[in-house]
Every structure is written in structure tokens, then in C-alpha cells.
Amino acid sequence: MIQLALKRDFTRFLDDEVGFPHRVEVIIGGKTLVCSGMIIAQQSSVLEQEIREENGILNLDEMIGIGSDSHKCECFRLLYGAPIDFNLENIETILKFSSIYLVEDMFAKALKWVKQTMTCRSFQLYYILHQQLCSPFFERFKAVIMDFIVKSTVQCGDEISELLNSHQDVDPSCF
């Protein structure tokens with residue numbers, strides 16, 4: 001089980017002259033979750049900005065291609081401090097979510113898990129996924145991919161060669 005090291009100093013919200021929305025509605029899969037805006041905003045400046053701009057509503061249903069609704073919920077569970085298990089089914093959503101919203105600790109823990117569990121079989125998924133991540137996390141993930149290529153050329157040589165020949169390496173822009 002993986003858990004985030006949550007930032008818990010909420011004092012900056014106490015004197016907020018604009019009136020930060022402390023109650024946030026997060027829409028995932030057509031369902032509305034009522035959450036603390038401070039807890040979410042404290043973990044990501046991008047999420048804080050979106051909470052402010054949308055007056056306390058985060059509509060994750062508008063985020064197409066980030067992953068399943070259940071995996072988006074797991075990202076919010078992590079933001080709230082709940083432990084979850086990383087696996088091949090949810091890691092893509094966790095990496096994309098943390099990359100788009102710049103949730104540093106979530107991305108670092110997911111990247112560490114990828115590094116520890118990457119195999120020749122999972123390499124293709126990660127290679128394609130690394131091209132879908134946002135800067136600045138794109139470069140960090142790319143470094144893990146490159147390290148795996150160097151260390152695993154003998155073991156996975158043919159699979160790696162075919163994949164590298166069939167894909168271009170592009171730094172994506174998320175915004």
C-alpha cells in the first residue's frame with residue numbers, strides 16, 4: 001500500500017481575502033463527491049487554481065483519456081491520505097493525473113513503483129505512456145525508460161528495438 005506524505009499546513013487559507021471555496025464538489029463518473037478544498041489545494045497548485053476558477057467544482061468527467069472513473073477516485077483517495085495499491089491497471093491514471101495536476105509526491109511514488117516493477121512485458125505500456133505525460137514530469141519518466149533500455153537490452157532487445165522503431169519520442173503539452 002502506498003500513501004502520500006500530505007502537506008497539512010492550511011493556515012494560508014485562513015486569511016484568504018478572495019474567499020477560497022472550502023467545500024468542493026468533485027464530479028467523477030456523473031457522481032458528486034463533496035471534499036475539502038483545502039486538502040485538495042494543499043497538494044497541488046494546479047488543483048487550487050481550478051478550484052478557484054470554477055468556484056469549488058472540479059469536473060473530472062471532462063478529462064477524457066486520463067483513465068477510468070474508479071482510477072480517478074483512487075487518485076482522490078491518495079490526495080486525502082488513503083493508502084492504495086499501485087498496479088498495472090491504475091498506474092496509468094495515477095501517472096497522468098499527477099502529471100496534469102502537478103502532484104509531486106503522487107508522481108514520485110508512482111515513478112518509484114514503475115522503476116521497481118518494470119519488466120520486458122510492461123515496458124511497452126510505459127514507453128507509450130511516457131509520451132502522454134506533461135512536463136516537467138515527462139523528462140523524469142523518460143529517464144526511467146532510458147535507464148531500463150540500457151539495463152535490459154540483452155534481456156528485452158528485440159521487443160525494445162521494435163518499439164523504438166515504431167514510435168516517435170515527443171514531449172507533449174498538456175495545457
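User: What counts as a salt bridge here, and at what N to O distance do the side chains of Glu48 and Arg52 meet?
Analyst: A salt bridge is a side-chain nitrogen of Lys or Arg within 4 Å of a carboxyl oxygen of Asp or Glu. In this predicted model, Glu48 and Arg52 lie four residues apart in helix H2, so they are separated by about one helical turn. Their side chains meet in a salt bridge, with an N to O distance of 3.0 Å.

User: Is Lys72, which meets Asp69 in a salt bridge, buried or exposed?
Analyst: Asp69 and Lys72 are three residues apart in helix H3, about one helical turn, and their side chains meet at 3.9 Å, N to O. Asp69 is partly exposed, with a relative accessible area of 35%. Lys72 has a relative accessible area of 3%, and because buried means under 20%, Lys72 counts as buried.

User: Which residue pairs with Asp147 in a salt bridge?
Analyst: Asp147 is partly exposed at 29% relative accessibility, and its partner, placed four residues apart from it in helix H7, is exposed with a relative accessible area of 63%. The two side chains meet at 3.2 Å, N to O, and the partner is Lys151.

User: Which helix gives the most residues to the largest nonpolar core?
Analyst: The largest nonpolar core has 51 residues, and those with the most contacts inside it are Phe97 and Phe141. Elements that give two or more residues to this core include strand E1 (23-28), helix H4 (91-100) and helix H7 (137-166). With eight residues, the element that gives the most is H7.

Notes:
Residues numbered from 1 in each chain as written. Predicted model: local features only at pLDDT ≥ 70, side-chain atom pairs only at ≥ 80, totals over all residues. Heavy atoms only, no water. Core = buried A, V, L, I, M, F, W, Y, C linked by side-chain atoms within 4.5 Å. Buried < 20%, exposed > 50% of the residue type's maximum accessible area, 1.4 Å probe, protein only.
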